[in-house]
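This report goes through one protein model, from its overall make-up to a few local details. Keep the sequence and the 3D view at hand while reading.

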Amino acid sequence: MRAEEITIPADVTPERVPTHIVDYSEAEQSDEQLYQEISKANVICIVYSVNNKNSIEQVTSRWIPLINDRMDKDSRVPLILVGNKSDLVEHSSMETILPIMNQYTEIETCVECSAKNLKNISELFYYAQKAVLHPTGPLYCPEEKEMKPACVKALTRIFKVTDLDNDGILNDAELNFFQRTCFNTPLAPQALEDVKNVVRKNMSDGVHDNGLTLKGFLFLHTLFIQRGRHETTWTVLRRFGYDDDLELTQDYLFPPLKIPPDCTTELNHNAYLFLQSLFDKHDQDRDCALSPDELKDLFKVFPYMPWGPDVNNTVCTNDHGWITYQGYLSQWTLTTYLDVQRCLEYLGYLGYSIISEQESQAAAITVTRDKKIDLQKKQTQRNVFRCNVIGMKGCGKSGFLQAFLGRNLMRQRQLREDHRSFYAISTTYVYGQEKYLLLHEVFTESELLSEADLSDADLACDVVCLVYDSSNPRSFEFCAKVFKQHFMDSKTPCMIVAAKSDLHEMKQQCSVSPLDFCRKHKMPPPQAFTCNTLEIPSKDIYTKLTTMAMYPHARLRCMCACNRCTFCLCQNLLNSDLLQSVKTKLYTAVLHRHVTQADLKSSTFWLRASVGATVFAVLGFAMYRALLKQR
């Protein structure tokens with residue numbers, strides 16, 4: 001005979017959760033049926049008779065051992081002791097039950113009731129639901145009378161996320177933000193004072209400068225649990241992404257984000273504002289850089305240290321080797337571009353969705369449009385561009401990457417080999433727009449192209465930089481072969497860089513010289529480069545790479561300063577003193593309104609203006625045709 005089953009609908013329970021009740025009778029069901037039901041239960045109610053001493057003794061001698069034997073130690077279900085037939089006695093059985101509750105930590109509570117007159121029946125099932133939805137076990141240790149380490153760790157993270165100014169206390173504004181975030185309602189000023197007064201009475205260091213300290217915050221939650229208000233602590237934990245095992249859920253850390261093929265991922269404006277506020281929050285000495293201690297403090301809300309020592313060789317640092325503000329934002333940009341799922345995870349640990357009041361951290365990500373559309377429209381909305389740096393081993397690729405971060409050869413020699421990075425990212429300015437350029441050194445062990453074929457990842461980029469050692473006569477041939485095999489027929493713009501230009505230039509052992517090779521394939525001439533300088537290496541070459549990545553359709557043959565070719569002559573004309581003075585006078589006339597009413601009525605004035613406009617139009621058209629021929 002099966003055990004009797006009853007379902008209480010969700011709409012008649014306080015927690016709005018359906019409750020499925022299975023009633024077991026020892027006289028009617030077998031032990032095997034009992035074991036099956038125990039294995040499926042979320043909570044078990046052990047019923048005894050308050051007027052039967054033998055019934056109470058069987059709670060510890062039979063039922064609790066039987067249930068525990070059928071459960072794993074780490075996955076025991078909560079127990080509710082139910083004292084039935086309270087209508088038959090005038091005394092309570094709680095004196096006898098309390099020692100049992102102290103002995104067995106899995107017992108959540110005890111309820112005395114009467115099935116005959118329905119006394120406390122609804123309370124019984126309320127506590128049963130509460131034991132499942134808001135269990136005490138993961139939060140509190142009754143023997144030690146304190147919260148468990150996992151609960152303390154989770155609440156400490158929540159405190160640090162909510163401490164918006166990182167001063168170690170929650171002021172009234174931060175407490176109200178916390179209250180609104182978790183319970184959708186702020187606290188009245190008097191209620192705030194009452195909360196702090198409770199902490200003051202019980203802890204000497206629970207309140208500091210009229211704000212709640214971490215110790216005070218943890219004490220409040222201990223108090224909630226001890227007074228049976230587990231739901232308060234659980235509401236806070238679940239709002240900040242924790243599951244029943246006090247681990248951040250996968251849904252919280254990795255919200256769904258659809259990324260079509262040939263699209264990239266970037267941080268949007270709100271995400272950068274959030275990261276900027278985090279930097280300001282942890283840059284305690286206001287030196288626009290994060291020291292190792294400040295960086296460690298920033299990542300205290302993580303279960304592990306997300307940035308290794310190679311990050312310092314990937315982004316800009318100051319003279320102490322500390323990550324600067326620009327380097328900090330660059331590293332976040334790099335993570336978003338290369339591994340957006342990891343970025344979502346990191347933002348989850350930092351509480352982005354809570355602090356920014358967004359549905360999830362996916363709101364921080366912009367998915368760019370298909371690159372093919374950018375090529376068709378001849379314009380892009382992207383802010384991050386990838387440049388793959390390819391060349392024979394030892395040609396100077398690593399130096400090229402580090403020079404982008406402002407490190408000359410002397411500083412590069414101080415870097416540790418085991419902290420080497422194959423990426424470098426920083427900002428450049430193209431026509432006044434700030435863009436991120438991501439350099440990726442493609443690692444090639446062999447000098448033979450057949451043994452160093454490039455993968456799809458090596459080919460997927462916005463611009464290619466082919467580097468050869470100008471002092472090594474065999475270096476350029478490798479670049480020429482790579483170009484012919486992989487990039488000659490592609491739409492990816494390429495630039496050839498003659499590295500180590502401070503050394504004696506050797507004639508390259510190739511059928512065609514680097515300059516003639518570039519002319520033949522309508523590429524910019526080889527760009528001389530060296531990082532062996534006293535000052536910070538020039539960024540001009542990186543600006544050119546970013547420009548080529550932004551405008552791959554406009555492949556200008558000249559990117560030099562020879563002052564002989566058409567491109568340079570046009571640039572010089574645009575920057576000439578004559579045009580600059582004319583532009584200044586026009587601005588002055590328009591902005592300061594130095595044009596009189598008589599001038600406006602004069603036909604001579606309008607004739608001069610028309611002639612001037614015509615001259616500028618003809619000059620502009622001539623420059624356009626000249627540039628078109630160069631293409």
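Helices (H or I, at least four residues) and strands (E, at least two) are DSSP runs, numbered from the N terminus. The model is predicted, so local features need pLDDT of at least 70 and side-chain atom pairs count only at pLDDT 80 or more, while totals for chains, interfaces and linings use all residues. Residues are numbered from 1 along each chain as its sequence is written, and side-chain values use heavy atoms, with hydrogens and water left out.

**Overall make-up**

The protein has 26 helices and 20 strands. Of its 631 residues, 45% are buried; buried means under 20% relative accessible area, exposed over 50%, and partly exposed in between (1.4 Å probe, protein chains only). A contact means heavy atoms within 4.5 Å. Among contacts with a separation of 6 or more, 68% are between residues 24 or more positions apart.

**Two lysines with positive phi**

Most residues other than glycine have a negative phi. K378 departs from this with a phi near 60 degrees, and K378 sits in the loop between α16 (371-377) and β15 (384-391). K500 also has a positive phi, of about 60 degrees. The loop that holds K500 runs between β19 (494-499) and α21 (514-520). K500 is partly exposed, with a relative accessible area of 27%.

**Strand β19**

Just before that loop, how many residues of β19 are buried? Six of its six residues are buried, and the strand is mostly covered. In a regular strand the side chains alternate between the two faces of the sheet. In β19, C494, I496 and A498 point one way, and M495, V497 and A499 point the other way. Strand β18 (residues 463-469) pairs with β19 in the parallel sense over six bridges; two strands pair if DSSP finds at least two bridges between them. V467 stands opposite V497 of β19.

**A three-stranded sheet**

An open sheet of three strands has the order β8-β10-β9, with antiparallel pairing. Its edge strands, β8 (169-170) and β9 (207-208), each pair on one side only. Helix α8 (residues 214-226) packs on this sheet and touches β8 and β10. The direction of α8 makes about 80 degrees with that of β10; axes are lines fitted to C-alpha atoms, for helices over the stretch in contact, and angles run from 0 to 180 degrees between N-to-C directions. β8 is joined to β10 (residues 211-213) by two bridges, and I169 has T213 in β10 as its bridge partner.

**Nonpolar cores**

A nonpolar core is a set of buried Ala, Val, Leu, Ile, Met, Phe, Trp, Tyr and Cys residues joined through side-chain atoms within 4.5 Å. The table lists two such cores.

| Core | Size | Named residues |
|---|---|---|
| Largest core | 71 residues | Y328 and W332, with the most contacts inside it |
| Another core, apart from the largest | 28 residues | among them C395, M495, F529 and Y542 |

α8 gives the most to the largest core, with seven residues. Leaving aside neighbours within four places in sequence, Y328 is in contact with residues including L275, F279, W307 and I323.

**Cysteines**

A disulfide is a pair of cysteine sulfur atoms within 2.5 Å, and the count of disulfides comes to zero. For C479, the nearest cysteine sulfur is that of C395, 6.3 Å away. C479 is buried, with a relative accessible area of 1%, and C343 is buried at 0%.
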